[in-house]
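Biologist: Before I rely on the terms used for this model, I would like to hear what each of them rests on. Could we take them one by one?

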Amino acid sequence: MSENHQMMAVVHRIAARENAFHRELRMIVNDPDRNDRDKIAAIRRLMDEASTKIE
């Protein structure tokens with residue numbers, strides 16, 4: 001695989017993770033069954049999880 005293809009693979013992997021993060025964030029924010037405190041706790045967990053996945 002050429003260096004350019006390797007770089008594009010990395011970019012696509014990062015974009016996929018970002019899209020998954022935003023999808024999960026929207027689900028949390030728009031969940032009518034969660035109160036604000038639960039939403040904040042869920043967002044904090046999501047942020048912690050996302051920060052540990054950074055390579």
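The conversation below goes through the terms for the whole chain and then for one helix.

Modeller: Please keep in mind throughout that this is a predicted model.

Biologist: How do you know whether the protein is a compact globule or not?

Modeller: A compact globule of 55 residues would have a radius of gyration near 10 Å, whereas the protein has 15 Å, and its C-alpha atoms fill a box of roughly 50 × 20 × 10 Å along the principal axes. On that rule the protein does not have the value of a compact globule.

Biologist: What makes up the secondary structure, and what share of the residues is buried?

Modeller: There are two helices and zero strands, and buried residues, meaning those under 20% relative accessible area, make up 7% of the 55 residues.

Biologist: How do you know what span is expected of helix α2?

Modeller: Helix α2, residues 36-52, has 17 residues, and at 1.5 Å a residue the expected span is 24 Å; the helix reaches 25 Å from its first C-alpha to its last, which is close to that value.

Biologist: Which residues of α2 are buried, and why are they said to share a side?

Modeller: The buried residues are K39, A42 and L46. Because they cover an arc of only 65° around the axis, they lie on the same side of α2, and what covers them includes α1 (3-29).

Biologist: What is found on the other side of α2?

Modeller: There R37, R44, R45, D48 and T52 are exposed, a word reserved for residues over 50% relative accessible area.

Technical notes
Residues numbered from 1 in each chain as written. Predicted model: local features only at pLDDT ≥ 70, side-chain atom pairs only at ≥ 80, totals over all residues. Heavy atoms only, no water. Helix = DSSP H or I, 4+ residues; strand = E, 2+ residues; numbered from the N terminus. Expected span 1.5 Å × (residues − 1). Buried < 20%, exposed > 50% of the residue type's maximum accessible area, 1.4 Å probe, protein only. Arc of directions from axis to C-beta. Contact = heavy atoms within 4.5 Å. Rg over C-alpha atoms; globule rule 2.2 N^0.38 Å.
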